[in-house]
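User: I would like to go through this model and ask how each label is earned. Please set the values against the definitions.

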Amino acid sequence: MPADHIGLLIAALLMMLIGWIGLFQLVTTALPRIGGELWLFFGLLQLAITGTSIPIVRFFNVRLTSLMQDVPPGGVIVRQSVWIGLFFVTCAWLQIPRALSLPLAVFVALVFIVVEIFLRTRELAAERE
């Protein structure tokens, strides 16, 4: 296990704890208002989903990387986890005016996937040079 992955997993645990505990506190104690509570909800949701997805994304990156290549660095894993968190926050935001539908969610997911593939392809090409 690379050294930066250990710190990454510790940071993920802290993000999960802060995000999920904060969301629980917010949902159980605050009134649903448009304003600071809404932005706090989005921030905590991003933190919670990103922290939760870091170990899962790391597992898939380590498992699916061939033995001839190095494991992706921690920054790539964090970026991919942030995309997942951003997808969930975007879906939550679209659900407020009831604009979220399955085709729209799939389209948003595909946009994030295409952008990540583009970024990762450029990184791998730069590493080979």
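User: Leaving aside its neighbours within four places in sequence, which residues is E116 in contact with?

Analyst: E116 is in contact with V76, R79, Q80 and W83, where contact means heavy atoms within 4.5 Å. A word on the source: this is a predicted model, in which local features need pLDDT of at least 70 and side-chain atom pairs count only at pLDDT 80 or more, while totals for chains, interfaces and linings use all residues. Residues are numbered from 1 along each chain as its sequence is written, and side-chain values use heavy atoms, with hydrogens and water left out.

User: Why does E116 count as buried?

Analyst: Buried means under 20% relative accessible area, exposed means over 50%, and partly exposed is in between (1.4 Å probe, protein chains only). E116 has 10% relative accessibility, so E116 counts as buried.

User: What makes the pair of E116 and R79 a salt bridge?

Analyst: A salt bridge is a side-chain nitrogen of Lys or Arg within 4 Å of a carboxyl oxygen of Asp or Glu. The side chains of E116 and R79 meet at 2.8 Å, N to O, so the pair fits that rule. The two residues come from distant parts of the chain, E116 in helix 4 and R79 in helix 3, 37 residues apart. In general, side chains of opposite charge can pair when their charged atoms come close.

User: How many salt bridges are there by this rule, and which residues are linked in a network?

Analyst: The count comes to three. E123 forms a salt bridge with R79, with the closest N and O atoms 2.6 Å apart. That pair also links distant parts of the chain, E123 in helix 4 and R79 in helix 3, 44 residues apart. E123 forms a salt bridge with R120 too, at 2.9 Å between the closest N and O atoms. The network therefore links R79, E116, R120 and E123.

User: Where do E123 and R120 lie?

Analyst: Both lie in helix 4, three residues apart, about one turn of the helix. An α-helix has 3.6 residues a turn, so residues three or four places apart point the same way.

User: Is E123 called buried or partly exposed, and why?

Analyst: E123 has a relative accessible area of 25%, so E123 is partly exposed. R120, at 16% relative accessibility, counts as buried.

User: What does the side chain of T90 reach?

Analyst: The side chain of T90 reaches the backbone oxygen of L86 at 2.7 Å. A polar contact is a pair of N or O atoms within 3.5 Å; within protein, one must be able to donate a hydrogen and the other to accept it, and residues adjacent in sequence count only if both atoms are side-chain atoms. T90 lies in helix 3 (residues 74–95).

User: How do you know that the length of helix 2 agrees with its number of residues?

Analyst: Helices (H or I, at least four residues) and strands (E, at least two) are DSSP runs, numbered from the N terminus. The expected span is 1.5 Å times one less than the number of residues. For the 29 residues of helix 2 (residues 36–64) that should give 42 Å, and the end C-alpha atoms are 41 Å apart, which agrees.

User: Where does helix 2 bend?

Analyst: Helix 2 bends by about 35 degrees at I54, and a proline, P55, follows within four residues. The bend is the angle between axes fitted to the seven residues ending at a residue and the seven starting there.
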